[in-house]
Amino acid sequence: MKKRGSLLIVEAVLYVFAAVGVFYFVYLLGNVIGSLTSYADWFQHFPYLLPLVLCSGLPVYLLFAFHAYRHSLTPKGAAHGAIANGLVGVVLAAFALIYAFVLLYNGTYEIGTNYPTAFFPIDVIVYLLLEEFAFLALYLLGVWTLRRPKFFEPLPTLTKGLRGLYGTLLGGAALLALYAFGGVLFSFGFGFSDENPAILISFYLLCLILTAGLFLYECDLVYGFKANSKKISFYSYLGLSVFVLVFFYAARYRDPMGFVEITMPFLVVDYMTSLALFPALADIFLIASNVCFGLKAFPRVREGA
Amino acid sequence: MTKPKRRLLLSLALLGLCLQGCTPLDYDGGVSRDLSYHDDFKILQLTDLHYCLGTDTDYLESYMDRLYAETAPDLVVLTGDLFMTANKAAVFSLLDYLESKEVDYAFTFGNHDFQGLYSPSWLCNVLSDPATYPHSLFVKNDSSARVEGRSNYVINLVEGEATKYQIYLFDTMAAGNGFFDLGYANLDESQVEWYKRMSDFSRGPEGPEDYIPSIFYFHVPIPAYQEAHDYEGPLKTYEGGYALESLSGSTDDQGLFEEAEKRNCLAMFCGHNHADTYTVTYQGVTLGFGVKTGPELYYGHVEKEDSPYGEGFDLMGASLLTLGDEEEISLTHYFLSRDMKTLYTEVHL
């Protein structure tokens, strides 16, 4: 139990890094589209952006690789997965790191240009170094697990059908939750001051509730909530979900233009496509998370059906 | 104090509060700036720069240097979409550049300007900071003004005691407020009311009989552009330019064009459609598109067979409006090629 708890904490830390990565990855895609005058331009920008894309994408890969390790059914499977993913990650991070140094050396990356942050390109290089070490650690974890299979404690298994259902629903929810959580983290630097606070708070809650749901689900797996606790957590999450959705839509209805202004820095894809995709997807995944919790909290209903 | 008296006092206090909320806006409500006018006053319109992470700022600055040098403007108006998926550093980069030219500049927002790693209020605060950017004429719209949008303001071109022209900047907003399909926003009624108040006041009880001649700048085309585009008849005069993409704009201007006609609006200019540069005079008001500045995102290209210059050219550059003493305006489009080797001019008015 203690090992499982420790691994969950490690995954939570990786989640924060991955959230920053996912948000920045989408932002970079927006930039690529934004600077795309022709294919020639795209190829011109691609070398500049490749280390940034890898830098923001690799933490997501690391999170999913580590998650796969924790959720493996056998120690052997977990070890092999960690070794393979660790090696791939080490190679990609090393490639990105070397490439970033080459671009720095040939003058493509200039210190003091303030792109994409004030610390560029030091921030990218430090982040890639961290990723290099993190993937190395994943590789070593795989080797360690292979040598000492007892180290690995599998999580409680679900029936095959449920595993697929939860994997699909919560996997999709996880990507959206990562993006939203990353947006919230980034937004502390946005400098909000006189925007509508009701919309801002309700939007933050909508962003964070998805992460809260995933965390609750993982805690249940690791610590094995008792039947009563499962029901309490289900009702609590359901109640919170309803509150957040009502609050969000009420605030949006009262000040629709305020909603547009506040969410524009967050929702790059939505405003490029002129479609409010994030709220719609957040609603869907919030409902899906509640269905998953409901199925776990009331197994008899499922059996009866 | 008896209960009815207390109630009466409370009611009066509440009424007072309500009435305070209805106090009519002062003349400018803090949303106008005065600028010294002279004959042949030149306004350079830059639009749709789309500064983003991958922007080659050195190139774009040299590009704009050339346009400044060719036109020698007295005022630069930037009609939105200056930024798209930008960050604070990109904003500072552009503003520092504009400031270095030592020419006053006015800025109105497009549908992409808030798509960056900063909040709308942060952007407005930076643009309206006189200590850092003294040449920025941007006026941060006070929320107590109760006018929708963040970049509605007026620049009065003043000669002596008289206002010779008024330059109105309208915020055509970032996006529509549809539930799922966001689309383009329509102008809000409060903006039209604000315009009416401003133009009425500037005429004043003892002021000139006619309304002060005005020029509008905004980002997304209002429906009058589509009407003018579709209309065939004596009320329209084609002044020149190219229409290489289908017009995308808002669907309701809440009567702005009608009011503009009545209130001596001479011309209005927008951005947004990168490959449209045409100008028409419709029902007495000139409607024009600015020439997209710089290559970011996309721009139009006129093929050799359609070109009056004997070779194809890019619809990229800027437009220059010159204001004369007798309400006469002239408009020239500058097409500076992407490699900056060729510059063509096209006179519309």
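Which domains does the domain assignment give for chain A?

**View 1. The two domains of chain A.** This is a predicted model, and the domain assignment splits chain A into domain 1 (1-155) and domain 2 (158-305). Where the two touch, domain 1 of chain A puts in 14 residues and domain 2 of chain A puts in 14 residues. On the domain 1 side, helix α1 (residues 2-34) of chain A gives the most, with 12 residues. As for chemistry, that side of domain 1 of chain A comes out as 11 nonpolar residues, two polar and one charged.

**View 2. The open sheet of chain B.** Eight strands of chain B line up as β1-β5-β6-β7-β9-β11-β10-β8, with mixed pairing. Out at the edges sit β1 (32-36) and β8 (236-240) of chain B; each has a single partner strand, so one side of each has no neighbour in the sheet. Going from one strand to the next, the twist averages 20°.

**View 3. Zooming in on β8 of chain B.** Here β8(B) meets strand β10 (residues 279-282) of chain B, and the two run antiparallel, joined by four bridges. Look for G240(B), which stands opposite T279(B) in β10(B).

**View 4. Where chain A meets chain B.** The contact between the chains draws 34 residues from chain A and 34 residues from chain B. On the chain A side, α1, α2 (39-70), α8 (256-263) and α9 (268-273) each chip in at least two residues. Sorted by class, the side of chain A that touches chain B holds 20 nonpolar, 11 polar and three charged residues.

Notes: Residues numbered from 1 in each chain as written. Chains lettered and ligands numbered in written order. Predicted model: local features only at pLDDT ≥ 70, side-chain atom pairs only at ≥ 80, totals over all residues. Domains from an automatic or database assignment. Contact = placed C-beta atoms within 7 Å. Nonpolar A, V, L, I, M, F, W, Y, C, P; charged D, E, K, R; others polar. Pairing = 2+ DSSP bridges. Axes fitted to C-alpha atoms, helices over the stretch in contact; angles between N-to-C directions.
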